[in-house]
Amino acid sequence: MFDDIKTGDLTWVGHETGRADLIEKLTGEATFVSDMELPGMLHTQLKKSPYARARIKGIDVSKAESMPGVRAIVTGDELDYHIGLYIVDKYILAKGEVRHYGEAVAAVAAETLEQARAAAEAIVVDYEPLPPVLHHMEALKPDAPLVHPDLGSYSYVEAVFSPKAGTNIANHMKVRKGDVEKAFAESEYIVEREYSCPSVQHVPMETHVAIAQWGKGDRVTIWTSAQSPFTVRNLFCHAFKLPHSNVRVQVPYVGGGFGGKAGIGIEPLCAVLSRKAGGKPVKFQASREEEFSLLPCRSALTYRIKTGVSAEGKIMAQHMSMYWDAGAYADYAVNVTRASGYSAAGPYEIPNAWVDAYTIYTNKPYGTAYRGFGHVEFHWAVERHMELVANAIGIDPVEFRLKNALKPGSRTLTGEEILPSTGNVVKCIEEAARRIRYGSITPEEEARQKKTGWKIGKGIAALHKAPAIPSFTATAVVLKMNEDGSVLVNLALTDYGQGTYTSVRQIIAERLGFPIDKIKVAFESDTDRDPYDWQTVASKGLVLSGNAAILAADDLLEKAYAVAAEALHANPRDLANDGDKVYIKHHPDKSVRFAAMAVGLALPNGNGIGGPLIGVGRYIAQGLTNLNKETGEGRPALDWTYGAHGIVAEVNEETGEYRVLKIASIFDVGRAINPDLVRGQAIGGMMQGLGTAVCEGYIYDENGRLLNPSFTDNKIPTAKDLPLEVECAVVETPQIDGPYGARGVAEQSMISVAPALGNAIQKATGAQLTHMPMRSEDVWRTLQNKEPIDNWITKSPVGSCRSAPEARRRDE
């Protein structure tokens, strides 16, 4: 799809335009599911478990049933429906046993929210508490309680995933490349360390909310704040064994998702309540606390890396063990494990690699997709490890990264060859380093150190990510020309704030040669009326939907040219168009207006030709394969987006307090379709990455109760936390199969912010931080207990290096 046209020669692509949804959102005209009220609508509240694991001995709903306004109550015992994305392991409501604190065991639908809340509180549940397994490393022990004793009987996607019956392992992903043992034996240095990070909440502005109405003939309509309407429909129909034609899913404006709304969630619960209430529409909106404890989060990770390096500083071998905390249900966590497994080394060439990535059940809220899809977490480890290795062997960390970075001719862990068009991580690293003046302290910075007494350090961290998608991922775009020659765009990709609709609008305007204001993208997605799209995840939207949009525009023009050729008695190859008409190139005064052809052209004698002008574009991922389950070989990546962050931080060595003075974020986006949107993604993702780095994370007590399910104790960054100086820039290595050379950048901006900060703090103070978030007290403790760098390195061609001390875990 790449057209080798300079941005200066393009009208809309590569230039700034207003967001397609700007006016509606600024004025409050945009309608979200949170805003919707339907006639006769009932409201839902839940009875939730106070235990992380317990047997449900009985549920008494008799008092609740008799309370004012109550129209339906459901419990798990009456719902024999299984839900799951890749492993079908979940009930709509807990049945027989609760598997995490905050899990719903019963639900009430009543005429008002207050009535529903009172009735839910009146439900009495008899529990028998059971010993929970609360840490993923403990869950691997032979005597650990099994979160899912029936794992061996669950259905799952066998071509991709490998659950282990009789254990807490929901998936085991392997990569085997080269001869690791031989390469370690030949290495001059061997360095090993363990890194960790806790579960984190997505915190979208609009919490999970859905309305469902179960109509006559088992026809179900769902309105939901979801990222993927067709996925909701497909999984819903699979669970309830309904034909897809019976279920309609509508997604209006969505107030953020970040992966937490990617699959199916609360929609089935609303549907069964509606059915029991005689078909009345039923609405459920999660409270902020329920977002933390009832609904999915980002998985916790423990990552152990052992690296063998030559005397010249080239990585020769790497052994990587990832342990992902799935929580109580597999959901997207098994695919996070897969995607992280084949990307586990970061943007570096590892000639001999061994990866084991595990998805592990525990009795905690379950993990799902989160912006970066595991890459934020494991890049924390990879980029801190690159810093450690470089320091341990006496090479500058940026030089070490550049020496080992993936370049044209390199091979990824799965055997994919890097091409000149793949992207350029070297340029990203070099540009990030240049912008923060890496390797030196400026006179201004020196003066600041003297004035404040705080030490200034500078750190770099690189990144890469490819869309984690099935090999047959597909999408479609439909263009419909209105009577005045304007164009309506229908697609089921969901724009929940990332701005993809604006970029798609620019691509269509560019391809058609139309003014941008003649292109409208319909924001409300509807499975009954819009063409199919797999899901809005993985930074795949711009590439797949952008290509489909180009094909739809070409199809529309081809049909318009056919009509114009007949009317003008010309060959279609002799025609051209502007934003108003189709004309003969060598007789430009002979033309037909698009408005005249839009719904069928009337000839001078009254005959009609053509018909409504509709363009259809379909696009499917090209050349992808499943991975070999034993070696990991295959082609999982649609494209790779590379990037790097450079951070300047100052640290108070006495207290551990620190401030981010500057961050420079660089991404190879292929081509920036809309520079403003790229900058918005870069800053937004950077701030979200800082939240992960400095303050966010779930904390549990010894019984598995979540102690910080609110913003009171689980902080996220605010505008006050923005670094003093922010720079964003792009490298443009065109992606051959991307629309106008573009590739996605929605997730990448969050990846590697944390290790860049950790590297800057280390540069300033020597603090060896291995766990995030890095709170000030963590920095202080690390400074009080500095370990010599030699503790992490073995300078020997044989033997094992010293074991890393156990990282302090905040999620226990």
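# A first look at a predicted 812-residue chain

Let's start with one residue: Ala693 counts as buried, because its relative accessibility is 0% and buried means under 20%. Keep in mind that this is a predicted model. Ala693 sits in helix H16, which covers residues 675-694. From there we can step back to the whole chain, then look at its cores, one enclosed helix and a few unusual backbone spots.

**The chain as a whole**

- The protein chain has a radius of gyration of 28 Å, which agrees with the value near 28 Å for a compact globule of 812 residues.
- Along its principal axes, the C-alpha trace spans about 90 × 75 × 55 Å.
- If you count up the secondary structure, you get 18 helices and 32 strands.
- Buried residues account for 63% of the 812 residues.
- Take the contacts between residues at least 6 apart in sequence: 79% of them join residues at least 24 apart.
- The chain exposes about 29,700 Å², and carbon and sulfur atoms supply 50% of that area.
- On the charge side, there are 87 positive and 99 negative side chains, and the centres of these two sets lie 1 Å apart.

**The nonpolar cores**

- The largest nonpolar core has 229 residues, and the members that touch the most others are Phe236, Tyr303, Met597 and Leu757.
- Helix H14 (residues 541-568) gives the most to this core, putting in 16 residues.
- There is also a second, separate core of 19 residues, with Ile56, Ala64, Val105 and Ala120 among them.
- What does Tyr303 touch, leaving aside its neighbours within four places in sequence? Its contacts are Arg193, Glu194, Tyr195, Met320, Ser321, Met322, Ala344, Phe378, Ala381 and Val382.

**Around Ala693**

- Not counting residues up to four places away in sequence, Ala693 touches Tyr658, Ala754, Leu757, Met772, Pro773 and Met774.
- One of those partners, Leu757, is also among the residues that touch the most other members of the largest core.
- Two more of the partners, Met772 and Pro773, are joined by a cis peptide bond, with omega near 10°.
- Pro773 itself is found in the loop between helix H17 (753-765) and helix H18 (776-784).
- For a sense of distance, the C-alpha atoms of Ala693 and Tyr619 are 37 Å apart, with their places 74 residues apart along the chain.

**Helix H6, tucked inside**

- Helix H6 runs over residues 267-276, and 8 of its 10 residues are buried, so the rest of the structure largely encloses it.
- Which residues of H6 are buried? They are Glu267, Pro268, Leu269, Cys270, Ala271, Val272, Leu273 and Ser274.
- After H6 comes Gly278, with a positive phi near 80°.

**Two unusual spots before H14**

- Ala538 is not a glycine, yet its phi is positive, about 70°.
- This residue, Ala538, is found in the loop between strand E22 (525-526) and H14.
- Is Ala538 buried or exposed? Ala538 counts as buried, because its relative accessibility is 10%.
- Ser539 is not a glycine either, and has a positive phi of about 55°.
- Like Ala538, Ser539 is found in the loop between E22 and H14.
- Ser539 has 11% relative accessibility, so it counts as buried too.

Key: Residues numbered from 1 in each chain as written. Heavy atoms only, no water. Core = buried A, V, L, I, M, F, W, Y, C linked by side-chain atoms within 4.5 Å. Buried < 20%, exposed > 50% of the residue type's maximum accessible area, 1.4 Å probe, protein only. Helix = DSSP H or I, 4+ residues; strand = E, 2+ residues; numbered from the N terminus. Contact = heavy atoms within 4.5 Å. Rg over C-alpha atoms; globule rule 2.2 N^0.38 Å. Areas by Shrake-Rupley, 256 points an atom, 1.4 Å probe, with all protein chains shown as cover. Lys, Arg positive; Asp, Glu negative; His and termini not counted. Charge placed at Lys NZ, Arg CZ, Asp CG, Glu CD.
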